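Q: I have a model open on my screen and would like to learn how to read the empty spaces and the sheets in it. Could you walk me through it?

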Amino acid sequence: MTMARLSLIAPIAAAVVGALVIGQWLWSARSVTAVEKRIPLEDQSLKAGGIAVDLAGVLKTGDGVAGDLKGAWLSFRGDHQDNINSETIKLARQWSAGGPPKLWEVETGEGYAGASVWNGRAYFLDYDETAHADVLRCLSTSDGKEIWRRGYSIDIGRNHGISRTVCAVADGRVVSFGPKCHIVCLDAVSGDFKWGIDMVKEYKTTVPPWYAGQNPLIENGRVILAPGGDSLLVAIDLATGKPVWKTPNPKKWEMTHSSVATMVIGGRKTYVYCASAGVVGVSAEEGKVLFELPDWKVSMANVPTPLPLPGDRMLLTGGYGAGSMMVKLEAGEAGKIIPKVLFRLKPEVFGAEQHTPVFYKGYIYGVIPVSSQLVCLNLDGKVMWASGGKYRFGLGPFMVADGMVMVMNDAGTMTMVEADPAGFKVLGQGKLFDHGHDAWGPMALVGGRLFARDMTRLGCFDLREVTR
């Protein structure tokens, strides 16, 4: 055999062996993943007409008493859907080595469901693995003691966390969105059952691969949901649980992990949603489709909510290589809206995998998935600064309060950064959770008290500036 033939055969043989090894590894990884994650789509209860669930469930009362905390954080991303705390309470710029004072901490089931806060009570959706039940828990903001919990029985397998959604509170009621798309409305004080909806049964909803991540939105006495299936969006009367309007879904776009955003476009209130095959905008009055934008899709998991911006613009962001897209929404004929793509940014420039960016004083702040860096972006798509290799934040949550971007990494360490486009400046840093793990839940900040969680704990921390 000649040297020339050997030089050809050697790399071919190496490639064949490599392919066999990779193939064996992929098959092994696939088998392990299927067992560990219990892929929800294989669960027969997720199909329309599946296992019936008694959503009224059972109420259990505890010895907790509502706290005296003033203020509220009524839903996902706060009362104004912007993830900005607008209170005038001064927050500490630096903490001791032990981090901010921890007022209390409670154990939870596996998940990332953050808290909503109202009238001295903190609400969050949990999963009780012992009882095999979704439970909406109401805790005292003073000490974390449970005031009540109401749960309904349902078997849910561990799938990298279970509960993921933030409850919404309005008009003395609290609404939860369960992992398998069960909607429950309770009296926010007593926990009394008001109504419930099984979206799989009612709307033929397909539960997303990592369970529901959509957060309920309440406006003007209506609960706004995006079931997919038979109806792309629906408005439910908060008092009765009956539909006010339904948006047809002839293209059968499915539910994603994204939530519905409110925008005012050309003076008209519009609900915007990232569905499986594109973005849709519907009128708030009757649910009529005003625009569709099939240009925007996110593979694997579409999580961030559309970000409304001045000038009838919105920023769409995603992980898994999606990057971001800036869209201008212009008035068209017969009340329609015409979406025009202004520019796209590659994922290494700006994007978001899990948490929605924050728009604050003319600039956009977000953690990009490619490098896990905090980035400040202007409205023209120019990066003002990035946090650099020393400061990386994973998939943790972030918000703006008292002129600071407060961003938490996967392990539960909080970093306070000046919300200033002039440059990246760290003010302080501290650990919220010892041995923190997947600290991804959305945060709530009320009266200087931060409600944050990692995968198995919810804690309340005092962030107020110490006056001497």
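Q: Which residues lie nearest the centre of the largest cavity?
A: Rolling a probe the size of a water molecule over the atoms shows where empty space is left. In this predicted model, the largest cavity has 13 lining residues, and those nearest its centre are Phe76, Arg77, Gln81, Val260 and Thr305.

Q: How much space lies in the largest cavity, and what classes of residue make up its lining?
A: The space comes to about 110 Å³. Seven of the lining residues are nonpolar, five are polar and one is charged.

Q: How many cavities of 30 Å³ or more does the structure hold?
A: There are five. The second largest has a volume of about 70 Å³. Its lining includes Phe76 and Arg77, both of which also lie nearest the centre of the largest cavity. Among the other residues lining the second largest cavity are His355, Pro397, Phe398 and Met443. By class, that lining holds six nonpolar, three polar and one charged residues.

Q: Let's turn to the sheet. In what order do the four strands of the open sheet come?
A: Follow the pairing from strand to strand: the order is β12-β13-β14-β15, with antiparallel pairing. β12 (217-219) and β15 (243-248) are the edge strands, each with a single partner, so one side of each has no neighbour in the sheet. From one strand to the next, the twist averages 20°.

Q: How many bridges join β14 to β15?
A: Four bridges link β14 (residues 231-237) to β15, and the two run antiparallel. To find your place on screen, look for Ala235, which stands opposite Trp245 in β15.

Conventions:
Residues are numbered from 1 along each chain as its sequence is written. This is a predicted model: local features need pLDDT of at least 70, side-chain atom pairs count only at pLDDT 80 or more; totals for chains, interfaces and linings use all residues. Side-chain values use heavy atoms; hydrogens and water are left out. Two strands pair if DSSP finds at least two bridges between them. Axes are lines fitted to C-alpha atoms, for helices over the stretch in contact, and angles run from 0 to 180 degrees between N-to-C directions. On a 1 Å grid over the protein atoms alone, a cavity is a set of points where a 1.4 Å probe fits but cannot get out, and a pocket is an open set with protein on both sides within 12 Å along at least five of seven lines; lining residues have an atom within 4 Å of a point. Grid points are joined across faces, edges and corners, and a volume is the space filled by probe spheres set on the points. Ala, Val, Leu, Ile, Met, Phe, Trp, Tyr, Cys and Pro count as nonpolar, Asp, Glu, Lys and Arg as charged, and the others, Gly among them, as polar.
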